[in-house]
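Hi,

Here is the structure I promised to pass on. Have a look at it first, and my notes on its empty spaces follow underneath.

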Amino acid sequence: MKKICKLLVDNMALLVIAIAVLGAVRPQTLTWVGPYVSWMLGIVMFGMGMTLRVEDFRTVLRHPHEVAIGVVAQFLVMPLVALLLVKAFGLPPELAIGVILVGTCPGGTASNVISYLAKGDVALSVSMTMTTTLLAPIVTPALTYLLAGAWIQVSFTSMMISIAEMVLAPVILGLAAHHFFERQVTRVMPVMPLVSVVCIVLLVGGVVALSAGKLLEVGPIMFAIVVLHNAFGLSLGYAFAKLFHLDSKKSRTVSIEVGMQNSGMAASLAILYFNPAAAIPGAIFSVWHNISGSLVANYFARKEEKKEVVLE
């Protein structure tokens, strides 16, 4: 069972690509996912919460300035890059809001694994993901309203409540489960990554199926925008960390945290509050940032290994 779980988790990017193709070619097989998108995101966030410990909050308190630098970078770089890309490409409102949502969401759950593979600071990665996720119910709707209010009606209060229900509550419940039922949680933890992968894969497939017609029309340009958004996030995140004199290990962690978004949340919010077309950027980002994250992790890891050889 462990081998099957590892195989599926390691090949998540390929599974996401496969189901995205299925959703585009035969949308009728996956449109049923639509009503369950928020539930699937909640399950993923609950799984994330189960990986957290009370000790992780102490880590934030011990190194508040490092976490603060990363959080500011997260909510400054990606939203502003999203806005610039929307304006540069002259996107229509239904796609513009999707790109903005990707930019204003917190860090993605896969970033902790990518930071580990990149030989980054995993404690800082977990602290950043946790902090941006906890801030998301207020910061994400506020930034979305500020940046996208000119294009489309954004309900700040409704979105805040939805994010609290889909993201914040499951994370807190997962944290509580780990704290109070540690023995039971330890038993189920090996299968939780598999559950998360299944939910993410179905979520992406459902989003693609619901917007299949529009995706064929705007797919190439949206892919280009997503690649640029991700690339700017990774590079500017690293530069931002270096600007505040964080070392190489912490800088690459901030880079990964900033560049990898909770795009599943962006897609879910798009379906809930706007239209399926607005979920296209989130769906494409879900595919791409897993691929780019793996490539970046490999680059950083090799660079670190060369440095270790030189020091020896």
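**The enclosed space**

The largest cavity takes up about 190 Å³. Its lining is made of 15 residues, and those closest to the centre are Thr 109, Ile 200, Asn 262, Ser 263 and Gly 264. Bear in mind that this is a predicted model. If you go hunting for others, the structure holds one cavity of 30 Å³ or more.

Which helices build the wall? At least two lining residues each come from α3 (37-50), α11 (192-210), α14 (263-273) and α15 (280-311). The top contributor is α15, with three residues. As for chemistry, the lining of this largest cavity has nine polar residues and six nonpolar ones, with no charged residues.

**An open pocket**

I also looked at the second largest pocket, which has a volume of about 300 Å³. There are 16 residues around it, and Ala 20, Leu 215, Phe 223, Ile 284 and Val 287 sit closest to its centre. Here the helices that each supply at least two lining residues are α2 (12-25), α11, α12 (212-243) and α15.

How do the lining residues of the second largest pocket divide into nonpolar, polar and charged? The split is 15 nonpolar to one polar, and again no charged residue turns up.

When you open the model, α11 and α15 are good places to begin: both help line the largest cavity, and both help line the second largest pocket.

Cheers

Note on methods:
Residues numbered from 1 in each chain as written. Predicted model: local features only at pLDDT ≥ 70, side-chain atom pairs only at ≥ 80, totals over all residues. Heavy atoms only, no water. 1 Å grid on protein atoms, 1.4 Å probe; cavity = no way out; pocket = protein on both sides within 12 Å on 5 of 7 lines; lining within 4 Å. Points joined across faces, edges and corners; volume = space filled by probe spheres on them. Helix = DSSP H or I, 4+ residues; strand = E, 2+ residues; numbered from the N terminus. Nonpolar A, V, L, I, M, F, W, Y, C, P; charged D, E, K, R; others polar.
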